[in-house]
Amino acid sequence: MKLHLDLACVKLNDTEVKLNTTQAKLNDTQETTTRLMEKLDNLQRRFEERNINEEIVMARNESLEFPRAFLWKVDNFIENLRQATAGRHRLASTPFYTERYGYKLRLSIVPNGDGRGKNTHLSVFIIVMKGEYDTILTWPFKKEVKFTLIDQQEDPVERQNVIRKLTGNSLKSNYDRPIGGENKGRGFPEFITHEKLHSRRYILDDTLFLQVEVGP
């Protein structure tokens, strides 16, 4: 009987050791899982922040006069110009914000011209849109806007970019706080003539690059 009890005690001790070992492994696994979940949460936050920065916030610019910049790549421009000759044809960029909690804007171009530029020019406009943060912003929109049509010459020294500036004006209803989806655009009906547009590499591989910079 004593021998059987001794064997039983040994087995119980072995079982207790195994249980303790198993518990320790479970604790290690739980800690590892917790660390992995924390890493996943951090990666998710970084991913969301990166998406916000890329999708709704203008890129930082080195210029102090114009600290924010947005670049619009206009594809299939020749076809859009051809279609525009048959009637009024307008293209619009993806909406963007001047900063994280700033004004919501978008660019608009009329390939065959609008107003005074009809049939002779490329027209360029900036449009103030209804945004998420309008209630905490100052109205009317008074920031200076600079448009740059980029000459795609390989040598930057040889480039002759077309640059036009638009100063904020409190008398223009285009810059008031939008009541509907967006205001009427402000810009340049005669931004560049069609003749000059085709004289250099403003259009390359059927693509045009238009940059807008916004003042502080």
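Me: How much of the contact network links residues 24 or more positions apart?
Reply: Among contacts in the chain with a separation of 6 or more, 65% are between residues 24 or more positions apart. Keep in mind that this is a predicted model.

Me: OK, and which elements is the chain built from?
Reply: The chain has three helices and 10 strands. Starting at the N terminus, the order is α-β-β-α-β-β-β-β-β-β-β-α-β.

Me: What share of the residues is buried?
Reply: The chain has 216 residues, and 36% of them count as buried. As for the surface, the accessible area of the chain is about 13900 Å². Carbon and sulfur atoms hold 51% of that surface.

Me: Switching to pockets. How much space is in the largest pocket?
Reply: The largest pocket holds about 170 Å³ of space. It is lined by 10 residues, and those closest to its centre are R90, D114, F125, K184 and G185.

Me: And what kinds of residues make up the lining of the largest pocket?
Reply: The lining of the largest pocket has four charged residues, three polar ones and three nonpolar ones.

Me: What joins the side chains of R90 and D114?
Reply: A salt bridge, with 3.6 Å from N to O. R90 sits in the loop between α2 and β3 (91–92), while D114 is in the loop between β5 (104–110) and β6 (121–129), so the pair ties together parts that are 24 residues apart in sequence.

Me: Is D114 buried or exposed?
Reply: D114 is buried, with a relative accessible area of 19%; the cut-off for buried is under 20%. Its partner R90 is partly exposed, at 37%.

Me: How many salt bridges turn up in the whole structure?
Reply: The search finds eight salt bridges. One of them joins E79 to R82, with the closest N and O atoms 2.6 Å apart.

Me: Where do E79 and R82 sit relative to one another?
Reply: Both are in helix α2 (residues 77–84), and they are three residues apart there, so about one helical turn separates them. E79 itself is partly exposed, with a relative accessible area of 32%.

Me: Got it. Which residue does K73 form a salt bridge with?
Reply: K73 pairs with D75, and their closest N and O atoms are 3.9 Å apart. K73 is partly exposed at 48% relative accessibility, and D75 is also partly exposed, with 39%.

Me: Staying around there, what is odd about the phi of N76?
Reply: N76 has a positive phi, about 55°, although it is not a glycine. N76 lies in the loop between β2 (68–74) and α2, and it counts as partly exposed at 47% relative accessibility.

Me: Which residue with a positive phi is in the loop between α3 and β10?
Reply: That would be D205, in the loop between α3 and β10. Its phi is near 55°, and it is a residue other than glycine. D205 counts as exposed, with 70% relative accessibility.

Me: What about L204, where is that?
Reply: L204 is in the loop between α3 (194–197) and β10 (208–214). With a relative accessible area of 23%, L204 is partly exposed. The C-alpha atoms of L204 and Q153 are separated by 9.1 Å, with their positions 51 residues apart along the chain.

Me: New topic, N112. Buried or exposed?
Reply: N112 is buried, with a relative accessible area of 4%. Its place is in the loop between β5 and β6.

Me: What does N112 touch?
Reply: Leaving out residues up to four places away in sequence, N112 touches L81, A84, T85, G117, K118, N119, T120, H121 and H194. L81 is 31 residues from N112 along the chain, and the C-alpha atoms of the two are separated by 6.1 Å.

Me: Last thing: which peptide bond is cis?
Reply: The bond from W139 to P140 is cis, with omega near 0°. P140 is in the loop between β6 and β7 (145–149).

Notes
Residues numbered from 1 in each chain as written. Predicted model: local features only at pLDDT ≥ 70, side-chain atom pairs only at ≥ 80, totals over all residues. Heavy atoms only, no water. Salt bridge = Lys/Arg side-chain N within 4 Å of Asp/Glu carboxyl O. Buried < 20%, exposed > 50% of the residue type's maximum accessible area, 1.4 Å probe, protein only. Helix = DSSP H or I, 4+ residues; strand = E, 2+ residues; numbered from the N terminus. Contact = heavy atoms within 4.5 Å. Areas by Shrake-Rupley, 256 points an atom, 1.4 Å probe, with all protein chains shown as cover. 1 Å grid on protein atoms, 1.4 Å probe; cavity = no way out; pocket = protein on both sides within 12 Å on 5 of 7 lines; lining within 4 Å. Points joined across faces, edges and corners; volume = space filled by probe spheres on them. Nonpolar A, V, L, I, M, F, W, Y, C, P; charged D, E, K, R; others polar.
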